[in-house]
Amino acid sequence: MNNFKIRNAEVKDAKQLIDYLNLIGGESDFLTFGENEFQLSIAEKEGFIKSVDNSNNIYLVATVNDKIVGTICSSIYDNQRFKHNINFDVTVLTEYQKQGIGKALLEQFIDITVANKEIANIVIEVRGDNSSAIKLYEELGFKKVGEIPDNFKSNDQLYSLCIYHLKV
């Protein structure tokens, strides 16, 4: 197993994060975007990272020798009726999967979220056949609360989108 570190995303990571997201988009059909579909400019990505610093959102990166190999990023609704909920996306480069990086990112994310007394629910949407991710979510206490058939399309095939929830 590689020695990895987890830290908050920083503005200086913007270019590397864009490259990472475009790479991982081509590695996985489970993501909502494909290869080179992540089209933010460096300035836009820097602005996004700054906005995370000034909110209750979370953006963590896992690194090996300063190379970003995994990320977890959240989004919180701004409106009063939903701001007690947090959604997230987690990714790990294929060559670094099955080494505990995704689990470590998610555990740290949950710890930070639990410490935020304004958040009551963590929600993730996952393609129904992504068994590795689903196994990890369930291991960490997430419960399946819904499924939308034929909601996710990849390579002209439709898949169910499953919704998992963790009460914090």
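## Exercises on a sheet and its helices

Seven bridges, or 7 in figures, join strand 3 (residues 67–76) to strand 4 (residues 85–92), and these two strands run antiparallel. The model you are looking at is predicted. Let's explore it step by step.

**Exercise 1.** Find which residue is the bridge partner of I76 in strand 4.

*Solution.* Strands of a sheet pair through backbone hydrogen bonds, either parallel or antiparallel. Here strand 3 and strand 4 are antiparallel. Look across from I76 into strand 4, and you meet its bridge partner, I86.

**Exercise 2.** Work out which strands stand at the edges of the sheet, and why one side of each lacks a neighbour.

*Solution.* Begin with the order: the open sheet has 7 strands, arranged 1-2-3-4-5-7-6 with mixed pairing. Now go to the edges, where strand 1 (5–8) and strand 6 (143–154) stand; each has a single partner strand, so one side of each is left without a neighbour in the sheet. As you move from one strand to the next, the twist averages 25 degrees.

**Exercise 3.** Compare the span expected for helix 2 (residues 42–53) with the distance between its end C-alpha atoms, then locate its buried residues.

*Solution.* First, the length: at 1.5 Å a residue, the 12 residues of helix 2 should span 16 Å, and its end C-alpha atoms are 17 Å apart, which agrees. Next, the buried residues of helix 2 are K45, I49 and V52. They cover an arc of only 55 degrees around the axis, which puts them on the same side of helix 2. This fits a general pattern: an α-helix has 3.6 residues a turn, so residues three or four places apart point the same way. Finally, the cover over the buried residues of helix 2 includes helix 1 and strand 2 (59–64).

**Exercise 4.** Describe how helix 4 (residues 131–139) packs on the sheet, and tell its buried side from its exposed face.

*Solution.* Helix 4 touches strand 4, strand 5 (121–127) and strand 7 (157–167), and its direction makes about 160 degrees with that of strand 5. Its buried residues include A133, I134, L136 and Y137. They cover an arc of only 160 degrees around the axis, which puts them on the same side of helix 4. Among the elements covering them is helix 3 (101–115). On the face turned away from the buried side, you'll find the exposed residues S131 and K135. Just after helix 4, G141 takes a positive phi of about 100 degrees.

**Exercise 5.** Decide whether D13 is buried or exposed.

*Solution.* D13 lies in the loop between strand 1 and helix 1 (14–27). Buried means under 20% relative accessible area; D13 has 2%, so it is buried. Beyond its neighbours within four places in sequence, D13 is in contact with R7, N8, V61 and I68.

Conventions: Residues numbered from 1 in each chain as written. Predicted model: local features only at pLDDT ≥ 70, side-chain atom pairs only at ≥ 80, totals over all residues. Heavy atoms only, no water. Pairing = 2+ DSSP bridges. Helix = DSSP H or I, 4+ residues; strand = E, 2+ residues; numbered from the N terminus. Axes fitted to C-alpha atoms, helices over the stretch in contact; angles between N-to-C directions. Contact = heavy atoms within 4.5 Å. Buried < 20%, exposed > 50% of the residue type's maximum accessible area, 1.4 Å probe, protein only. Expected span 1.5 Å × (residues − 1). Arc of directions from axis to C-beta.
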